[in-house]
Amino acid sequence: MCGIVGYIGNKKANPILIDGLLALEYRGYDSAGIALIDNGKINVFKEKGRVKNISLNNNMDTATGNVGIAHTRWATHGKPSQENAHPHMDNSKMFAVVHNGIIENYSELREFLKKKGYHFDSETDTEVIPNLIHYYYQDCNNFLEAFNRTLNDLKGSYAILVISPLFEGVYVAKMASPLVIGEGNNENFIASDIPAILSYTKEFYFLNDGEIGYITKQEIKFYNNKLEKIVNEKKVIEWDKNAADKDGFDDYMLKEIYEQPRAIKETLAGRVVLNNSCNFPDLEIDKNYLEKIKRVYIVACGTAMHAGLVGKKAIEQLCNITTIVDVASEFRYNKPIIDDETLCIFISQSGETADTIAALKLAKSNNAKTIAISNVLGSSITREADYVVYTHAGPEIAVASTKAYVSQVATIIGMAIYFAEILDTLDKKEIEKIKTELLDLPSKIDKVLDNTKEIIDIAKNITNETNAFYIGRGNDYNIALEGSLKLKEISYIHSEAYPAGELKHGPIALIENDTYVIGIITNSDICEKTLSNLEEVKTRGAKIVLISNVDIVNEDMIIVNIPQINSILAPIVAIIPLQLLAYYIAKNKGLDVDKPRNLAKSVTVE
Ligand code: AGP
């Protein structure tokens, strides 16, 4: 979704802002723009379409100015167009603003301002912001106060940057939308996402909801909403700059698929240790509490929710605690049964998913303990939850989540083992066995990644299909769900995931000659049953691809063998060929795998 970058220092702001916007392209957007302070006036350059259009259409090389703000817009209010692109200015062209989020009461504010004589050039909710600032500034002649009065009028979510020839620096504010400030040497940076400015600094400040920041090249000041000065803690990000580059791969997605063994090692490092208890120092959870809890909720969206489904199996099987998984956007409306005997776990790679954050707030207000599993240090969800467990997967840039998924699954399984140790629900030998297998996952993934030819060949056959089915039982169904999501989101092939036994209750009617059905079998206990379901579709003309770690000989199926592993952990290995399959199909179709249509990397609207 929308991305923000800001710069103030001694260098030309324009190339740094463009660089930041390019780093944010993965979030998904449809227009982009920049505002610079140049010779005491604001210059705005904005275009529909890609970031490169700003430079192409505006002779940007000549643009000077050491202070600037920039934006990529993912349209919500008003179509993608140059007029609706950010930055937006007030009528007097005194203030330029970029904004992420949604101003829910913008119509009301627009009417108010119109009555005061203001006009609007765009259809956006954002344009009320610079005009309201101007309105209050006329009254008090003090920018900080005018800005604060404006913020008090806004309902909804925002990360806002403002520049003006009236002051040297950049004013920033946030409410439920991400914003980070990167500290440099005689220069400072602002962004909605860390990767946008990771090549310039690793030292970051995080703004909290309701706070204002004022950033000059030498100073970073923070104020609360009473305009009292406050101190925010500086954090050092360990992410390597190269982690946000393609590193020789054609696409971020492929690079991130290949980073999965390392991501899992990082996730488990120091947490899961052989012949020793698991170690999750950030979770202050003891035996008394765990014995008291009646149920666990795992709440998330998309791929993160699929990781939660695998987590449910682990928590139920290892800890014997009833676990319910819910889609975050449904959670609030399902009237969940939450009290102080409920543990709620929220999974979000970005930590900014609006539905997941709203669900977390609901759980907290009902006295549940909340744990956030996230990949992004300081993200909104990590600041809301009682406890945070980071996945340490490194920056994930491709919209299609891959390494975040495996690290989320590894995290939650690690936590389940940790709880099982505390609760003593499992035999010590069993625990050591599963830990050994967990720690062995990176080498098993490597084996799959070393042998991709078969998948590349299968991808060629499926490339021109319009439909596909993914089926499995138990955890294999959870893998099917994630495999199917990967295929639809990047290759635009319609696909459905079904519990293997459910097909004959309706969807089997859709099986025609040559329809591809992808089966998953990673558990020998249910192997025969899934095989029978595959036979049922085979006799109706389907072509079968089977991902399996069970010894199966069947000449009617293309069988992709993957390494043997405990069925609780199997999704982490079995998802790899399915990620690759989706990737190569999308590549064969010539699609932009990293930035699939209509999708955004972090979904900050409900
Ligand atoms: C998966 O490939 C998608 N990009 C999407 O389903 C994603 O997992 C979902 O939007 C949740 O995002 P989050 O983990 O950042 O909360």
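# Questions on a predicted model

Tutor: F280 is buried, with a relative accessible area of 5%; buried means under 20%, exposed over 50% and partly exposed in between, using a 1.4 Å probe and protein chains only. The model is predicted, so local features need pLDDT of at least 70 and side-chain atom pairs count only at pLDDT 80 or more, while totals for chains, interfaces and linings use all residues. Residues are numbered from 1 along each chain as its sequence is written, and side-chain values use heavy atoms, with hydrogens and water left out.

Student: Which residues does F280 touch, not counting residues up to four places away in sequence?

Tutor: F280 is placed in the loop between α7 (260–268) and α8. Helices (H or I, at least four residues) and strands (E, at least two) are DSSP runs, numbered from the N terminus. A contact requires heavy atoms within 4.5 Å. Leaving out residues up to four places away in sequence, the residues touched by F280 are R271, V389, T411, G414, M415 and Y418.

Student: What distance separates the C-alpha atoms of F280 and V170?

Tutor: Along the chain, F280 and V170 are 110 residues apart. In space, the separation of their C-alpha atoms is 39 Å.

Student: How many salt bridges does the structure hold?

Tutor: Side chains of opposite charge can pair when their charged atoms come close. A salt bridge is counted when a side-chain nitrogen of Lys or Arg is within 4 Å of a carboxyl oxygen of Asp or Glu. The number of salt bridges in this structure is 27.

Student: How many residues apart in sequence are the parts that D209 and K174 tie together?

Tutor: D209 and K174 form a salt bridge, with their closest N and O atoms 2.7 Å apart. D209 lies in the loop between β11 (203–206) and β12 (212–215), and K174 belongs to strand β8 (residues 170–175), so the parts tied together are separated in sequence by 35 residues.

Student: Is K174 buried or exposed?

Tutor: Its partner D209 is partly exposed, having a relative accessible area of 32%. K174 has 1% relative accessibility and therefore counts as buried.

Student: In which helix do E291 and K287 both lie?

Tutor: The side chains of E291 and K287 meet in a salt bridge, at 4.0 Å from N to O. K287 is partly exposed, at a relative accessible area of 37%. The two residues are 4 apart, about one turn of the helix, and both belong to α8.

Student: Is K460 buried or exposed?

Tutor: K460 meets D457 in a salt bridge of 3.5 Å, N to O. Both residues lie in helix α16 (residues 453–462), 3 residues apart, about one turn of the helix. D457 is partly exposed at 30% relative accessible area. With 52% relative accessibility, K460 counts as exposed.

Student: Which residues do salt bridges that share partners join into one network?

Tutor: Here the link comes from salt bridges with shared partners. The residues joined into one network are K255, E259, R262 and K403.

Student: How are α13 and α19 directed relative to each other, roughly parallel or roughly antiparallel?

Tutor: The axes of α13 (residues 403–423) and α19 (residues 570–588) come within 9 Å and cross at roughly 170°. Axes are lines fitted to C-alpha atoms, for helices over the stretch in contact, and angles between N-to-C directions run from 0 to 180 degrees. Angles under 35 degrees count as roughly parallel, over 145 as roughly antiparallel, 65 to 115 as roughly perpendicular and the rest as oblique. The two helices are therefore roughly antiparallel.

Student: How many nonpolar residues does the contact of α13 with α19 have?

Tutor: Y405, V406, V409 and A410 of α13 make the contact with P571, I572, I575 and I576 of α19. Ala, Val, Leu, Ile, Met, Phe, Trp, Tyr, Cys and Pro count as nonpolar, Asp, Glu, Lys and Arg as charged, and the others, Gly among them, as polar. The contact has no polar and no charged residues, and its number of nonpolar residues is 8.

Student: How many disulfides does the structure hold?

Tutor: A disulfide is a pair of cysteine sulfur atoms within 2.5 Å. The number of disulfides in this structure is 0.

Student: What is the phi of N367?

Tutor: Most residues other than glycine have a negative phi, and most peptide bonds are trans. N367 lies in the loop between α11 (354–365) and β19 (369–374), and is exposed at 57% relative accessibility. Although N367 is not a glycine, its phi is positive, at about 70°.
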